[in-house]
Amino acid sequence: MPRIAVIRFPGTNGDLDVVHVLRNVVKVDTELIWYDDYKHGIYDAVVIPGGFSYGDWLRAGAIAARSRAMGEVVMDAEDGVPVLGICNGFQILVETGLLPGALLPNDPPRFIARWIWVRINDVKTPFTKLYEPGEVISMPIAHGEGRYFIDSIDETRAVFTYFGENPNGSVASIAGIANYDGNVLGLMPHPERSAESVLVPRRFIAGGLKLWLSLKESLRGGW
Ligand SMILES: NC(=O)CC[C@H](N)C(=O)O
């Protein structure tokens with residue numbers, strides 16, 4: 001039976017939402033793990049949820065990225081294990097160097113919390129295989145440091161781009177990226193808060209559900 005690890009750092013706040021979706025919505029065996037207990041080589045996928053690890057001191061994700069736990073996650077990633085970072089988890093993956101670029105304070109410089117639309121540009125990842133190429137979905141965002149920056153967009157796989165408006169000034173409207181192999185993915189929007197229609201405001205759709213279903217299916221084979 002495949003098992004997914006959800007890692008909790010001091011200040012993580014999206015962990016229980018992710019655990020709920022994995023256990024109760026898509027029904028995968030899921031373990032919530034305190035960061036200092038995390039070991040590589042055990043799990044079939046790893047999720048680093050959103051929040052404010054270490055209070056976003058220095059830069060969001062900078063301190064968590066230097067933990068022993070992230071060294072373990074790097075080893076999993078190098079072994080091809082799917083690794084997903086959501087919001088603060090994306091910031092941690094970028095600070096760790098598993099994903100290229102940087103996440104800067106939003107432009108305009110405010111915390112934004114609302115529903116937005118994103119386009120799926122790349123369905124060759126374990127997290128997007130069930131979407132149609134070019135599909136446009138909605139998810140909520142809630143961040144202060146979500147402006148994706150990279151010198152050249154040729155260096156990145158822009159799996160998700162904001163559609164219709166670019167809420168935080170990201171380069172090329174990038175909302176989420178994958179590594180070259182596709183097994184490491186980070187995104188600013190929250191797929192765990194858009195996986196059940198009961199949580200979705202009128203005019204929007206539960207766009208995150210297929211991400212979790214894709215991940216579940218990828219645990220049993222390729223993508
Ligand atoms: N929801 C979150 O994960 C918040 C992300 C991050 N700490 C920020 O404000 O940018």
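Trainee: Which residue just after α1 takes a positive phi?

Mentor: Keep in mind that we're looking at a predicted model. Helix α1 covers residues 15-25. Just after that helix, phi turns positive, at about 60°, and the residue is K27.

Trainee: Which residues of α1 are buried, and how wide an arc do they cover around the axis?

Mentor: The buried ones in α1 are D15, V18, V21 and L22. They sit on the same side of the helix, because the arc they cover around the axis is only 135°.

Trainee: And what covers those buried residues of α1?

Mentor: Strands do part of the job: β1 (3-8), β2 (29-34) and β3 (45-48) are included in the cover. There's also a helix among the elements covering them, spanning 209-218, and that's α4.

Trainee: UniProt lists C87, H190 and E192 for "active site". Why do they gather at one spot?

Mentor: That listing comes from an unreviewed UniProt entry. In sequence the three span 106 residues. They still gather at one spot, because no two of their C-alpha atoms are more than 11.0 Å apart.

Trainee: Is C87 buried or exposed?

Mentor: C87 has its place in the loop between β4 (83-86) and α3 (88-96). Beyond its neighbours within four places in sequence, C87 contacts G14, G50, A142, H143, M188 and H190. With 29 other C-beta atoms within 10 Å, C87 is buried.

Trainee: Which α1 residues does E192 touch, among those buried in the helix?

Mentor: E192 is in the loop between β11 (184-187) and α4, and 29 C-beta neighbours inside 10 Å make E192 buried too. Not counting residues up to four places away in sequence, E192 touches G14, D17, I86 and G208, among others. Its contacts also include two of the buried α1 residues, V18 and V21.

Notes:
Residues numbered from 1 in each chain as written. Predicted model: local features only at pLDDT ≥ 70, side-chain atom pairs only at ≥ 80, totals over all residues. Buried ≥ 20, exposed ≤ 12 C-beta atoms within 10 Å, placed from the backbone. Helix = DSSP H or I, 4+ residues; strand = E, 2+ residues; numbered from the N terminus. Arc of directions from axis to C-beta. Contact = placed C-beta atoms within 7 Å. UniProt positions renumbered as here; feature names shortened; annotations may be inferred.
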